Each structure stands twice: as structure tokens, then as C-alpha cells.
Amino acid sequence: KKLTELALGGGACAGRPTDDVCGIFSHLLCNDASIIDTYRRSNHTIRKLWDERWDPLTTEDLRCFLKFNQCGSKFDAAHHKIMKVHFSQDIDLRTFSNMGLNVLPRAISWMAKDCGNDKT
């Protein structure tokens, strides 16, 4: 069984979530150190952290990562996070320079997939 919700609130968390708290959870949901870390060391199953009334008070990135985790599979969540964090701005083609010729077409094809499509 997977952890999908954390019921944070009340006690010490009774106020609005601070930027530090949002930053910690953003990093937990999306480790942006590298593409591999985003895929392997990010949580792709937690879909909810607290009561909906706090959602507007959290950072845009945190809301986005939680939404990605709701999109279906862990694969789809990881795909969306990698695209947002590593390829949403100018693409650095050096990312692909060390890939073998047999891997490069698959990597580019994977980047072009939409959430929920075939995962080959």
C-alpha cells in the first residue's frame, strides 16, 4: 500500500504553511538535482498534504507537484516533473550529448509523450 495523503494541520501546523515548509515538501515531491534524482528520489504517490483551505496558501510548485502525483501512475508523475523542472525553459542539449545513439531516439520520444500514453 502507498502513502497518498498526509493529514497535516492543527497544533503547530494550525497557521498557514510557511515558505520553508512548502520548500521542504516541494523537494520531497520533486528532487531537482538531476533527471535521475527527479525520477528515482522524488515522491510520486503523495497527492494531498493538508486541508484544501491551505492549497491557495502554498507555493505554485508544491501545488503543481501534488497535481502531477494525481495524474495516474508514478511514471506519469515523474514524466511531468522531469519536463517541468528540467525542460520547461531553454533545453540544454548537453543533456543528450552523453547518450548512446540507441538511447537518444527513445529519450526524445519519451519527452514528447503525453500523460497516460504508451510507456515504451
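**Exercise 1. Decide whether Trp-50 is buried or exposed, then work out its surroundings.**

*Step 1.* Trp-50 has 4% relative accessibility, so it counts as buried. The cut-offs here: buried means under 20% relative accessible area, exposed means over 50%, and partly exposed is in between (1.4 Å probe, protein chains only).

*Step 2.* Keep in mind that this is a predicted model, where local features need pLDDT of at least 70, side-chain atom pairs count only at pLDDT 80 or more, and totals for chains, interfaces and linings use all residues. Residues are numbered from 1 along each chain as its sequence is written, and side-chain values use heavy atoms, with hydrogens and water left out.

*Step 3.* Now list the contacts (heavy atoms within 4.5 Å). Skipping neighbours within four places in sequence, Trp-50 touches Leu-6, Leu-8, Pro-17, Val-21, Phe-25, Asp-55, Thr-58 and Leu-62.

**Exercise 2. Find the aromatic pair and classify its geometry.**

*Step 1.* Grab the rings of Phe, Tyr and Trp (its six-membered ring) and pair them if their centres lie within 6.5 Å; planes under 30 degrees apart are stacked, over 60 edge-to-face, and the rest tilted. That rule turns up 1 aromatic pair.

*Step 2.* The partners are Phe-25 and Trp-50, with 6.0 Å centre to centre and 90° between the planes, which makes the pair edge-to-face.

*Step 3.* Place them in the chain: Phe-25 sits in helix H1 and Trp-50 in strand S2, 25 residues apart, so the pair links distant parts of the chain. Helices (H or I, at least four residues) and strands (E, at least two) are DSSP runs, numbered from the N terminus.

*Step 4.* Check the partner's burial as well: Phe-25 comes out buried, at 16% relative accessibility.

**Exercise 3. Identify which elements build the largest nonpolar core.**

*Step 1.* The core is a set of buried Ala, Val, Leu, Ile, Met, Phe, Trp, Tyr and Cys residues joined through side-chain atoms within 4.5 Å. Of its 13 residues, Leu-29, Leu-49, Trp-50, Leu-62 and Leu-66 touch the most other members.

*Step 2.* Two or more residues come from each of helix H1 (19-29), strand S2 (48-50) and helix H3 (60-69). H3 is the top contributor, with 5 residues.

*Step 3.* Look at H3 itself: Leu-62, Cys-64, Phe-65, Leu-66, Phe-68 and Asn-69 are its buried residues, and they pack against H1, S2 and H4.

**Exercise 4. Work out what the side chain of His-44 reaches.**

*Step 1.* His-44 lies in the loop between helix H2 (35-40) and S2. With a relative accessible area of 7%, His-44 is buried.

*Step 2.* Go through the backbone oxygens. The one of Thr-38 is reached by the His-44 side chain at 3.3 Å, while that of Tyr-39 lies 3.1 Å from a polar atom of the same side chain.

*Step 3.* Widen the view: beyond four places in sequence, His-44 touches Thr-38, Tyr-39, Asn-69, Lys-74, Ala-77, Ala-78 and Lys-81.

**Exercise 5. Show how the buried residues of H6 are arranged around its axis.**

*Step 1.* In helix H6 (residues 104-112), pick out the buried ones: Ala-107, Trp-110 and Met-111.

*Step 2.* Down the axis of H6, these fall within an arc of 100°, so they line one face of the helix. The arc is that of the directions from the helix axis to the C-beta atoms.

*Step 3.* Over on the other side of H6, Pro-105, Arg-106 and Ala-112 are exposed.

Note on methods
Polar contact = N/O pair within 3.5 Å; in protein donor to acceptor, adjacent residues only side chain to side chain.
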